[in-house]
Structures are given as structure tokens and as C-alpha cells.
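Hi,

Here is the structure I promised to pass on to you. Have a look at it first, and then read on for my notes.

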Amino acid sequence: MEYEKKQKIKFIAFVIFIYVFCAFLCLLGVVHYLDDHETKEAIKEGVIVEGKYVKVISRTNGSSKGWVSSRYYVVRYEYINENGIKYEGEVGVFQKREDAESYIGNKVDIYIGSNGHSIPVFQADDFNENFFWWLMGIAIGIAVCFTTGLIIWGVIKYKRKNDDTCENTPSENV
């Protein structure tokens with residue numbers, strides 16, 4: 001009996017984990033959608049200003065534990081309007097720091113929107129707002145498949161339980 005109780009608790013914890021994971025994916029998708037919406041509005045408004053490349057940032061892919069990490073560099077641009085709102089972003093992926101540093105001080109045309117959202121003009125054509133739909137689709141797909149599996153599992157378990165009780169009842173004609 002104690003073993004069955006532990007198994008039920010583990011199962012319930014697993015079910016909760018799956019649904020929390022799906023909720024997290026949905027939340028991540030909504031946050032990404034809102035950010036993309038602001039960027040899309042900046043492109044639609046069409047206000048173009050000149051930003052300036054100000055610094056190089058070093059990044060790494062992977063981790064030292066498990067798989068090989070590689071270092072790459074991005075260049076950060078910045079623009080501050082007359083109201084003091086700061087617009088910034090990162091562009092480029094460079095293998096050599098020297099290549100990234102060659103952009104420092106150069107100008108870049110950017111679309112600006114509200115709340116500090118911006119995107120370089122040369123990236124606007126490649127802007128893709130479908131990441132939100134991918135995350136939401138994956139999360140909803142996992143939740144629907146898991147729920148369907150739980151329902152099927154419950155029906156099978158219920159039928160087995162009823163079959164067992166029917167076999168164990170005494171016959172009236174004996």
C-alpha cells in the first residue's frame with residue numbers, strides 16, 4: 001500500500017511538471033510575441049535614426065561540461081533620443097574580435113519604436129515574428145497529447161478494474 005501511494009505521488013508530480021513546463025513555454029511565447037510586436041511596430045512606423053556601434057561583447061556557445069564551447073563576438077549599437085530614451089541592440093556574429101572591433105564608431109541606421117525597441121534597417125527584411133507561434137504550438141501540442149494519453153490510460157485502467165470486479169463476483173447459478 002505504501003509503495004502504491006509513493007507511485008501515485010510521483011505520477012501526480014510528473015503530471016504537474018508537464019503542465020508547468022507547457023505553461024512556461026506559453027509564457028515564454030507570449031513574452032516573445034510582445035517584444036516582437038514592439039519591434040514590428042517600430043518597423044511599421046518607419047522612423048529611422050542613426051545609431052552608433054559602441055562596444056564588442058564576447059559570447060560563448062555551449063559549455064565546458066559535455067560539449068565543445070566556441071567563442072564569438074557581437075557588436076552593440078546605441079542611440080539615445082532627445083527625451084533620454086536609450087535604444088540598443090546587438091548585431092553581427094564574428095569569429096575574431098578584431099573583425100568586430102572594426103565596426104566600433106561606425107554609424108548604423110535603425111528603426112526606433114516606443115519603449116526603447118529598435119532594429120537595424122538591414123535586419124528589418126529578415127525579421128521573423130513566428131517564434132511565438134512555434135512556442136505556443138509546441139506547448140499546446142505537448143499538453144493535448146499528454147492529456148489525450150491520460151484520458152486513454154484512465155479509460156483502459158477503468159475498464160480493467162470493471163473487468164476484474166465482474167470476474168470476482170460469485171455466480172448466482174452455482
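Accessible areas here come from the Shrake-Rupley method with a 1.4 Å probe. On that basis, the protein chain exposes about 12,800 Å², and 58% of this area is supplied by carbon and sulfur atoms. Please keep in mind that this is a predicted model.

**Overall layout**

The protein chain contains four helices and five strands. Their order along the sequence is α-β-β-β-α-β-β-α-α. Of the 174 residues in the chain, 25% are buried. Looking at contacts with a separation of 6 or more, 61% are between residues 24 or more positions apart.

**The largest pocket**

You may want to start with the largest pocket, which has a volume of about 170 Å³. Its lining consists of Glu4, Gln7, Lys8, Phe11, Ile12, Trp153 and Lys157. Two helices, α1 (2–45) and α4 (131–168), each supply at least two of the lining residues. The most comes from α1, with five residues. Sorted by class, the lining has three nonpolar, one polar and three charged residues.

**The cysteines**

Why does the structure hold zero disulfides? A disulfide needs two cysteine sulfur atoms within 2.5 Å. For Cys22, the closest cysteine sulfur is in Cys26, 6.9 Å away, so the two are too far apart for a bond. Going the other way, Cys26 has its closest cysteine sulfur in Cys22, at that 6.9 Å, again too far for a bond. As for their surroundings, Cys22 is buried, with a relative accessible area of 4%, whereas Cys26 is partly exposed, at 21%.

**A look at Lys52**

One more residue to click on is Lys52, which sits in strand β1 (residues 48–61). Is Lys52 buried, exposed or partly exposed? Its relative accessible area is 38%, so Lys52 counts as partly exposed. Lys52 and Tyr77 are 25 residues apart in sequence, yet their C-alpha atoms are 5.3 Å apart in space. Leaving aside residues up to four places away in sequence, Lys52 touches Arg76, Tyr77, Glu78, Gly105, Asn106 and Val108.

Happy to talk any of this through whenever suits you.

Best wishes

Terms used. Residues numbered from 1 in each chain as written. Predicted model: local features only at pLDDT ≥ 70, side-chain atom pairs only at ≥ 80, totals over all residues. Heavy atoms only, no water. Buried < 20%, exposed > 50% of the residue type's maximum accessible area, 1.4 Å probe, protein only. Contact = heavy atoms within 4.5 Å. 1 Å grid on protein atoms, 1.4 Å probe; cavity = no way out; pocket = protein on both sides within 12 Å on 5 of 7 lines; lining within 4 Å. Points joined across faces, edges and corners; volume = space filled by probe spheres on them. Nonpolar A, V, L, I, M, F, W, Y, C, P; charged D, E, K, R; others polar.
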